[in-house]
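The following exercises concern one protein structure. Each gives a task and then a solution in steps.

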Amino acid sequence: MNATEARLIIFDTNAVNLLPPSGLRADIIRKLRQSGHHKVAVPWMVMEELVAHQTKHYPDKYRAVVNTLAKLREALPWELKISLEPIDLNRLVAHWRSEYEEVFEVIETSGGAARKALAREAMALPPAKATKERSEGGRDAAVWFSILEYLEENPDEEVCFVTNNTKDFGDGATYPYPMNEDVRGLEGRLTRLTDFDAVVSKFTKEVSGQDAEAAAEELLRSLSVRDRGRGRRSRCSAHRSGSSVWTPPRRPFSGVSGSPLPKPSC
């Protein structure tokens, strides 16, 4: 392993938004982490966005149920014997944060990085921007400064940032002002991929034969496949010694440093 081999893969929200923690993609992330060769993380701001996207509609849905029950009570000539537990947003937030913290490491955002992000938004400078009515992009700026801060604090590591937001973050080859100044001296240690499939292609390897059979057996032991494998065997099957082994249909099994992994293609 080179001194600056990409050990840390950092996902932006758009690459893992609404990721099911028991799904195949989450299993791949766990395998990458278990390989011992890679760390997989999200900045603190991305973690907050992942949690928010799973929970932000809960209060409105709760109020809708309350209003529906009130209308039903008005329509009935008898007492409606049904109760609704009190709204508990903190409980739901804690649930999703716990779920995602089991999948990802979290790159903390320091107070200094947060202040830089807010100042960058106030000035509407990349990765923040100006709209017709206001400046926005403070969260993107917080993600950006968290990554740079990690690189500065870990000089022997390389980061691969996974995002399809080239409009705000640049294309990874060139950066708009003042991001080009932000990243000066760190350019060679910060690479870019655009989506989850690109991560699978770069950080896993194709295997076949006995290795693929071992990968299939290991995959079948995973929680997500046990939960969903029954309904998918009719579409995703391979035959070995007269028996059926679950395997994605469009690509051989992949492995990370000896740990087989599937591409989540079905």
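A residue counts as buried under 20% relative accessible area, as exposed over 50%, and as partly exposed in between. The model treated here is predicted.

**Exercise 1. Classify Ser22 and place it in the chain.**

Step 1. The relative accessibility of Ser22 is 35%, so Ser22 is partly exposed.

Step 2. Ser22 belongs to the loop between helix H1 (13-16) and helix H2 (24-34).

Step 3. Although Ser22 and Glu99 stand 77 residues apart along the chain, 9.1 Å separates their C-alpha atoms.

**Exercise 2. Give an overview of the protein and of the confidence in its model.**

Step 1. The protein has 12 helices and 12 strands. Of its 266 residues, 44% count as buried.

Step 2. About 14600 Å² of the protein is exposed, and carbon and sulfur atoms supply 49% of that area.

Step 3. Among contacts with a separation of 6 or more, 74% are made by residues 24 or more positions apart.

Step 4. The mean pLDDT is 84, and 75% of the residues reach 70 or more. Residues 230-254 stay under 50, and the model has 63 contacts beyond four places in sequence for them. Residues 257-266 are likewise below 50, with 43 contacts in the model beyond near neighbours in sequence.

**Exercise 3. Determine which residues of the largest nonpolar core touch the most other members.**

Step 1. As a general tendency, nonpolar side chains in soluble globular proteins are buried together.

Step 2. In this protein the largest nonpolar core has 51 residues, of which Phe11, Phe104, Trp144 and Leu190 touch the most other members. Helix H7 (residues 138-153) provides the largest share of this core, 9 residues.

Step 3. Take Leu190 as an example. When residues up to four places away in sequence are not counted, Leu190 touches Trp144, Ile147, Leu151, Val159, Phe161, Tyr175 and Val183.

**Exercise 4. Compare the settings of Glu49 and Thr55 in helix H3.**

Step 1. Helix H3 spans residues 44-55 and includes Thr55; Glu49 also has its place in H3.

Step 2. The relative accessible area of Glu49 is 12%, so Glu49 is buried. Thr55 has a value of 4% and is therefore buried.

Step 3. With neighbours within four places in sequence left aside, Glu49 is in contact with Thr13 and Arg139. The C-alpha atoms of Glu49 and Thr13 are separated by 6.9 Å, at a distance of 36 residues along the chain.

Step 4. With the neighbours of Thr55 within four places left aside, Thr55 is in contact with Leu89, Leu92, Val93 and Trp96. In addition, the side chain of Thr55 reaches the backbone oxygen of Val51 at 2.9 Å.

**Exercise 5. On which side or sides of helix H10 do its buried residues Phe196, Val199, Val200 and Phe203 lie?**

Step 1. Helix H10 covers residues 196-203, and Phe196, Val199, Val200 and Phe203 in it are buried.

Step 2. These residues cover an arc of only 100 degrees around the axis, and therefore lie on the same side of H10.

Step 3. The N-terminal end of H10 is capped by Asp195, which has a side-chain oxygen 3.3 Å from the backbone nitrogen of Asp197.

**Exercise 6. Locate the cis peptide bonds preceding Pro127 and Pro178, and examine the positive phi values of Leu18 and Ala124.**

Step 1. Pro126 and Pro127 are joined by a cis peptide bond with omega of about 5 degrees. Pro127 is in the loop between helix H6 (111-122) and strand S4 (129-130).

Step 2. Another cis peptide bond, with omega of about 5 degrees, joins Tyr177 and Pro178. The loop that holds Pro178 runs between helix H8 (166-169) and helix H9 (179-182).

Step 3. Leu18 is not a glycine, yet its phi is positive, near 60 degrees. Leu18 lies in the loop between H1 and H2, and its relative accessible area of 44% makes it partly exposed.

Step 4. Ala124, also not a glycine, has a positive phi of about 55 degrees. Ala124 is in the loop between H6 and S4. At 22% relative accessibility, Ala124 is classed as partly exposed, because the buried class requires a value under 20%.

Terms used. Residues numbered from 1 in each chain as written. Predicted model: local features only at pLDDT ≥ 70, side-chain atom pairs only at ≥ 80, totals over all residues. Heavy atoms only, no water. Buried < 20%, exposed > 50% of the residue type's maximum accessible area, 1.4 Å probe, protein only. Helix = DSSP H or I, 4+ residues; strand = E, 2+ residues; numbered from the N terminus. Arc of directions from axis to C-beta. Polar contact = N/O pair within 3.5 Å; in protein donor to acceptor, adjacent residues only side chain to side chain. Contact = heavy atoms within 4.5 Å. pLDDT = per-residue confidence, 0-100. Areas by Shrake-Rupley, 256 points an atom, 1.4 Å probe, with all protein chains shown as cover. Core = buried A, V, L, I, M, F, W, Y, C linked by side-chain atoms within 4.5 Å.
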